[in-house]
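User: I should like to learn how to read pockets and aromatic pairs in a structure. Please take me through each in turn.

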Amino acid sequence: MVDQDHNAPDPASERPDPASVPERPEGVEGPEDEQVAPVDEAPDADSAGDGLSPEDLRILDDAERDLVAEMREDMLRAQAELVNFRNRVERDRQVNREATIAEVLRALLPALDDLDRAEAHGDVVEGTPLALITTKLRGAFERFGLTRFGEVGEVFDPAFHEAMFQQPTPGAESETVLDVIERGYRFGDRVVRAAKVAVAVPERD
């Protein structure tokens, strides 16, 4: 039987002789002498502001307060503008509504004038159909807020009266309504139609 690996070299014989290894010059480091440099840790978020001076922190605080105050002022201004816009829209809507109603009422005034003339001539007798219609029609106009004016003896006011002619009158000390030719009507504060009147004026000497 033949021994295997008879000619294989002995591992121990391949080790270098310590005496034959050249010495490393003094001051020269080998691989075993190298040290791994420590890795710097990332700075904490809490310590990010450690580098700010007190003056820098004060400036940041002032800027933050100014920003908050400016944002609050902008918010209040926007709210005020919204309230004003809503009030303006509501006011315009009310004005347009009143103007529309006033135009409708103005178109129906001739019917009231005819009833006034019929009443003046004695045609509107209580208990008759015409008297019933007159009462209902006038009541409907009053519910809409329509009021009439123009009475004999009122002080003449050009804002409410339209002078058809002037009549010098004995004893008259100022301009007053002498006769009502056509009544005036008012819807709220709006004059729908001025009263057409004859005006009594003082006599000239």
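Analyst: The pocket comes before the aromatic rings in what follows. This is a predicted model, in which local features need pLDDT of at least 70, side-chain atom pairs count only at pLDDT 80 or more, and totals for chains, interfaces and linings use all residues. Residues are numbered from 1 along each chain as its sequence is written, and side-chain values use heavy atoms, without hydrogens and water.

User: How much space lies in the largest pocket?

Analyst: Rolling a probe the size of a water molecule over the atoms shows where empty space is left. Here the largest pocket holds about 230 Å³. A pocket is an open set of points on a 1 Å grid over the protein atoms alone where a 1.4 Å probe fits, with protein on both sides within 12 Å along at least five of seven lines.

User: Which residues line the largest pocket?

Analyst: The lining includes D113, R117, H121, R148 and E182. The greatest contribution comes from α1, with five residues. By class, the lining has eight charged residues, three nonpolar and one polar.

User: How are the rings of F149 and F160 arranged?

Analyst: A pair of aromatic rings is described by the distance of the centres and the angle of the planes. The whole structure yields one aromatic pair, with centres required to lie within 6.5 Å. The rings of F149 and F160 have centres 5.5 Å apart and planes at 85°, so the pair is edge-to-face (planes over 60 degrees apart). F149 is buried at 8% relative accessibility (under 20%), whereas F160 is partly exposed at 26% (between 20% and 50%).

Conventions. On a 1 Å grid over the protein atoms alone, a cavity is a set of points where a 1.4 Å probe fits but cannot get out, and a pocket is an open set with protein on both sides within 12 Å along at least five of seven lines; lining residues have an atom within 4 Å of a point. Grid points are joined across faces, edges and corners, and a volume is the space filled by probe spheres set on the points. Helices (H or I, at least four residues) and strands (E, at least two) are DSSP runs, numbered from the N terminus. Ala, Val, Leu, Ile, Met, Phe, Trp, Tyr, Cys and Pro count as nonpolar, Asp, Glu, Lys and Arg as charged, and the others, Gly among them, as polar. Rings of Phe, Tyr and Trp (its six-membered ring) pair if their centres lie within 6.5 Å; planes under 30 degrees apart count as stacked, over 60 as edge-to-face and the rest as tilted. Buried means under 20% relative accessible area, exposed over 50%, partly exposed in between (1.4 Å probe, protein chains only).
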